[in-house]
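Biologist: Got a minute to walk me through this one? I'd like to start with the packing and then get to the ligand.

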Amino acid sequence: MSLSDHPIRLEARDVCVHYGAKQALYDVSIDIPDRAVTAFIGPSGCGKSTFLRCINRMNDTIEGARVTGRIALDGEDVYDRSLDVVELRARVGMVFQKPNPFPKSIFENVAYGPKIHGMVRNKAEAEEVVVSSLKRAGLFEEVKDRLHEPGTGLSGGQQQRLCIARAIATRPEVLLMDEPCSALDPIATAIIEELIDELRENFTIVIVTHSMQQAARVSQKTAFFHLGKLIEEGDTANIFTNPAKKQTQDYIMGRIG
Ligand SMILES: Nc1ncnc2c1ncn2[C@@H]1O[C@H](COP(=O)(O)OP(=O)(O)OP(=O)(O)O)[C@@H](O)[C@H]1O
């Protein structure tokens with residue numbers, strides 16, 4: 001299936017972000033395809049994470065941050081005043097750079113979201129969600145005998161898979177990943193990349209990465225940012241083999257960044 005066959009799940013138009021007086025993003029417009037992986041690449045400070053945080057309104061929590069423009073999830077404006085932000089964040093899950101399990105058991109880490117969102121009514125239902133989420137995150141076999149031990153006792157790679165299990169437990173439509181492998185070794189990174197490849201069958205994934213190799217391996221669409229602007233976007237294979245803009249070419253060839 002080619003990228004153009006995927007319906008559009010997220011639509012951003014003319015998104016600008018200011019932190020106080022400083023503008024960090026300039027008129028970003030992009031379509032994010034459903035059930036595919038979109039990678040944001042670009043040199044440090046170009047605004048990749050800022051734009052990612054616009055999608056689930058994490059910038060709301062940053063003092064002085066101001067977002068303008070429009071971002072629609074399935075046609076619905078995520079900045080609409082009537083929209084419930086807590087519900088939005090259940091629909092748009094997030095995985096961070098550093099694995100950040102809660103200081104609770106493996107079971108509770110995964111069950112927490114479904115519980116607070118009223119998605120499970122009893123222990124049996126919670127168990128079902130925990131087991132299926134851990135299985136989908138490729139972690140169940142490794143932790144099935146220690147579900148009630150602290151999540152913080154796992155290895156870094158396991159903790160990151162636990163955070164992915166936690167993010168998918170609320171059955172989000174979109175999964176945002178902000179450099180999810182940057183704190184992991186190459187083996188744990190390869191496991192997460194394989195997992196991302198499997199998850200794209202059911203989720204729309206947006207990943208920020210510093211690694212062009214990773215973007216090339218895991219994504220179907222790539223967007224290149226530079227100095228707060230979206231310079232170029234398109235099929236990953238095209239962006240890496242035949243970029244239209246000189247800045248993209250320079251970055252890919254290692255001449256900027
Ligand atoms: N909370 C904040 N307050 C003020 N300025 C910020 C804040 N977060 C980011 N910025 C600024 O906005 C710009 C974009 O930063 P952002 O973190 O989005 O870039 P990035 O491409 O994700 O960088 P990196 O790859 O280094 O994580 C930078 O100039 C940064 O200094």
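Modeller: Sure. When I say contact, I mean heavy atoms within 4.5 Å, and helices (H or I, at least four residues) and strands (E, at least two) are DSSP runs numbered from the N terminus. It's a predicted model, with pLDDT of at least 70 needed for local features and 80 or more for side-chain atom pairs, while totals for chains, interfaces and linings use all residues. Numbering starts from 1 along each chain, and side-chain values use heavy atoms, without hydrogens or water.

Biologist: OK, what covers the buried residues of helix 3?

Modeller: The cover includes helix 4 (123–136), helix 5 (140–143) and helix 6 (156–168).

Biologist: And which residues of helix 3 are buried?

Modeller: Helix 3 spans residues 106–116, and its buried ones (under 20% relative accessible area, 1.4 Å probe, protein chains only) are Ile106, Phe107, Asn109, Val110, Ala111, Gly113 and Pro114. After helix 3 comes Gly118, with a positive phi near 65 degrees.

Biologist: Which residues other than glycine have a positive phi?

Modeller: Asp27 is one, with phi near 45 degrees, and Asp27 sits in strand 2. Arg171 is another, near 50 degrees. You'll find Arg171 in the loop between helix 6 and strand 7 (174–178).

Biologist: Is Arg171 buried or exposed?

Modeller: Arg171 counts as exposed (over 50%) because its relative accessibility is 56%.

Biologist: Switching to the ligand: how many residues surround it?

Modeller: There are 15 around the ligand (a heavy atom within 4 Å), and the closest are Ser44, Lys48, Ser49, Thr50 and His210.

Biologist: Which side chains have an N or O atom by a ligand oxygen?

Modeller: Ser44 has one 2.5 Å from an oxygen of the ligand, and His210 has one at 2.8 Å from a ligand oxygen. Thr50 also puts a polar side-chain atom 2.5 Å from a ligand oxygen. The elements giving two or more residues to the shell are strand 2 (22–33) and helix 1 (48–55).

Biologist: Which one gives the most?

Modeller: That's helix 1, with 4 residues in the shell.

Biologist: Last topic: how many residues does the largest nonpolar core have?

Modeller: It has 45, and Leu134, Ile164, Met177, Ile196, Leu199 and Ile205 make the most contacts inside it. A core here is a set of buried Ala, Val, Leu, Ile, Met, Phe, Trp, Tyr and Cys residues joined through side-chain atoms within 4.5 Å.

Biologist: What is Met177 in contact with?

Modeller: Leaving out neighbours within four places in sequence, Met177 touches Leu52, Val95, Ile164, Ile196, Ile205, Val206, Ile207 and Val208. There's a second, separate core of 28 residues too, including Phe40, Cys46, Cys54 and Phe225.

Definitions and conventions
Polar contact = N/O pair within 3.5 Å; in protein donor to acceptor, adjacent residues only side chain to side chain.
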